[in-house]
Amino acid sequence: MAKELQVLNALDVAKTQWYHFTAIVIAGMGFFTDAYDLFCISLVTKLLGRLYYYEVGSPDPGSLPSNVSAAVNGVALCGTLAGQLFFGWLGDKMGRKRVYGMTLMLMVICSIACGLSFGKNPNAVIATLCFFRFWLGFGIGGDYPLSATIMSEYANKKTRGAFIAAVFAMQGFGILAGGMVAIIVSAAFKAKYPAQAYKFDNIGSTPPEADYVWRIIVMFGAIPAALTYYWRMKMPETARYTALVAKNAKQAAADMSKVLQVELEAEQEKIDDRERGNDFGLFSAEFVSRHGLHLVGTTTTWFLLDIAFYSQNLFQKDIFTAINWIPKAKEMSALEEVFRIGRAQTLIALCSTVPGYWFTVAFIDKIGRFAIQLMGFFFMTVFMFALALPYHHWTLEANRIGFVVMYALTFFFANFGPNATTFVVPAEIFPARLRSTSHGISAAAGKAGAIVGAFGFQYAEKSFGVRSTLITLGVVNFLGIVFTFLVPESKGRSLEEMSGEAEEEHEVEEEHEASPEVKAAG
């Protein structure tokens, strides 16, 4: 076996140290912001309806028409899908670090712009909100492949899964922060501008100052992103990109010597040797034969998972209303409603979302990606069918708590399961020069699933009812189990070993030894 590049080997065997944690925080803050921005919209859609779609004399407060609601919720997902493909490709072309700053800046600018809608009439407000949410999503999309790739290329072999999963787990805190910001902002405004419930005072229940509430909640997402911009710019390019893609051994050794605080020599000749036989593209027969099935595995599992993961968000509001966490709209003032929705989201995040992520972080390098993903899909299937088949039983007053527990468990096993592993694995199993692109393609397939989940199910629920919809979700999760078998286990193996780059190096070295010049020189 050819000697591994010293720089890469040093990263692989490095003890867990300070720079690993700074990398997690720098990459994780992007994810924190992503989750905050994607999920905070569900906190303010009800308020937007009351402010801009109020009809005089109506018994119920204003609400967003279904097409507007779909646009506001879905446009960011469409932007994310486009961003994942574009920035994933760009990350392999220009380098992870250069693109990383661009995505963050885009997120900061668009977060702020989302809150500064032009004009006062509903169409203008919604149109500008949707426009900037698309581009916000575009920036968020770039964060997926880049954060995962940067983290996997910085990490060591032993704990790489946990580090990538920890970056992803920051999403849980982002959702939590969204709920908490909504609680604080709405409570502060409620104290300053008290209002009665809608049924007592139609117009007064929505004070004009409430217009600031949704803007503050939406714009807050710019703060964590802006804070990490400086640190992102100071982070050196990953050694794997510099050495294996940009082919600059000297720079890679210099960058990593600083990071690891050890002396590393540049080994340019090894990199030049690797040139041959290692330059197949994404659409080549070579890529298809080596990694084709892997890419099918990572894209299909992520696609199927997100159908299930995003469609339950639709049931969330109905469930909260069903168990009386949130009263009917007309029994609350506008700000009371934001407060209640924020509180419900925070509780769900605290009890099932956040713990699920950190369970993955704790166990992923012990039991492996494959086992966690299989187990997660398995339990999601079980709980979906358990909710669906005796659905009528769960709707009865006495059994509501059971319903919520089952629902929370489905969430828990999505996060201690495929939601985390589908993010980790594509960053580990593809060659360095296609790593970011392949991760972007997998993530975009996931977002396509999210769009199917978020919209397909609104229509499915209306046309076929909740029970059939839940059964369909159970089948989707079962298919997830099947496609998981296409994905290889990457626990404890180096990135070069997983992507087959180490074998190529070996072949090149053998050719080199067999060539006549070497013999003559000998």
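## A bend to look for

Where is the kink in α17 centred? Follow this helix in the structure above and you will find the kink centred on F464, with an angle of about 120 degrees. Keep in mind as you look around that this is a predicted model.

The kink goes along with a striking pair of numbers. If α17 were a straight helix of 53 residues, at 1.5 Å a residue, it would span 78 Å. In the model, the C-alpha atoms at the ends of α17 are only 23 Å apart.

## The whole chain

Let us step back and look at the overall fold. The protein chain is built with 20 helices and zero strands. Its radius of gyration is 25 Å, while the globule rule gives 24 Å for 522 residues; the two values are close, so the chain is as compact as a globular protein of that length.

You can also picture a box around the chain. Taken along the principal axes, the box filled by the C-alpha atoms is roughly 95 × 45 × 35 Å. Burial is another way to describe the chain: 59% of its 522 residues count as buried.

## Helix α5, a useful contrast

Helix α5 covers residues 122–154. What span should its 33 residues have at 1.5 Å a residue? The expected value is 48 Å, and the end C-alpha atoms of α5 are 47 Å apart, which agrees. Compare that with α17, where a span of 23 Å stands against the 78 Å of a straight helix.

Is α5 mostly covered or mostly uncovered? It is mostly covered, since 26 of its 33 residues are buried. Just before this helix comes N121, in the loop between α4 (residues 96–115) and α5. N121 counts as partly exposed because its relative accessibility is 42%, which falls between the 20% limit for buried and the 50% limit for exposed. The C-alpha atoms of N121 and G91 are separated by 40 Å, and these two residues are 30 apart along the chain.

## Pairs of opposite charge

Side chains of opposite charge can pair when their charged atoms come close. This structure holds 16 salt bridges, and three of them are worth a visit.

Begin with E153 and R435, whose side chains meet in a salt bridge with 2.6 Å from N to O. E153 belongs to helix α5 and R435 to helix α17, so this pair ties together parts that are 282 residues apart in sequence. Both partners are tucked away: E153 is buried, with a relative accessible area of 1%, and R435 is buried too, at 0%.

A second bridge joins D92 and R96, with the closest N and O atoms 2.6 Å apart. D92 is buried with a relative accessible area of 6%, and R96 is buried with 0%. For a third example, turn to E497 and R493, where the closest N and O atoms are 3.4 Å apart. Here E497 is partly exposed at 34%, and R493 is partly exposed at 33%. Returning to the buried pairs, salt bridges that share partners join D92, R96, E153 and R435 into one network.

## A nonpolar patch on the surface

Which residues form a nonpolar patch on the surface? They are V475, F478, L479 and V482, and together they have about 320 Å² of accessible area. V475 lies in helix α17, which runs over residues 432–484. V475 counts as partly exposed, because its relative accessibility is 42%.

An α-helix has 3.6 residues a turn, so residues three or four places apart point the same way. Keep that idea in mind as you compare the numbers of the patch residues.

## Distance in sequence and in space

Two more pairs show how sequence and space can tell separate stories. L47 is found in helix α2, residues 18–52, and it counts as buried at 1% relative accessibility. L47 and W214 are 167 residues apart in sequence, yet their C-alpha atoms are 7.4 Å apart in space.

Now look at P207, in the loop between α6 (160–192) and α7 (210–219). P207 is buried, with a relative accessible area of 10%. P207 and Y229 are 22 residues apart in sequence, and 36 Å lie between their C-alpha atoms.

Note on methods:
Residues numbered from 1 in each chain as written. Predicted model: local features only at pLDDT ≥ 70, side-chain atom pairs only at ≥ 80, totals over all residues. Heavy atoms only, no water. Patch = residues over 30% accessible without salt bridge, like charges linked within 9 Å, V, L, I, M, F, W, Y side chains within 5 Å. Areas by Shrake-Rupley, 256 points an atom, 1.4 Å probe, with all protein chains shown as cover. Salt bridge = Lys/Arg side-chain N within 4 Å of Asp/Glu carboxyl O. Helix = DSSP H or I, 4+ residues; strand = E, 2+ residues; numbered from the N terminus. Buried < 20%, exposed > 50% of the residue type's maximum accessible area, 1.4 Å probe, protein only. Expected span 1.5 Å × (residues − 1). Bend = angle between axes of the 7 residues up to and from the residue. Rg over C-alpha atoms; globule rule 2.2 N^0.38 Å.
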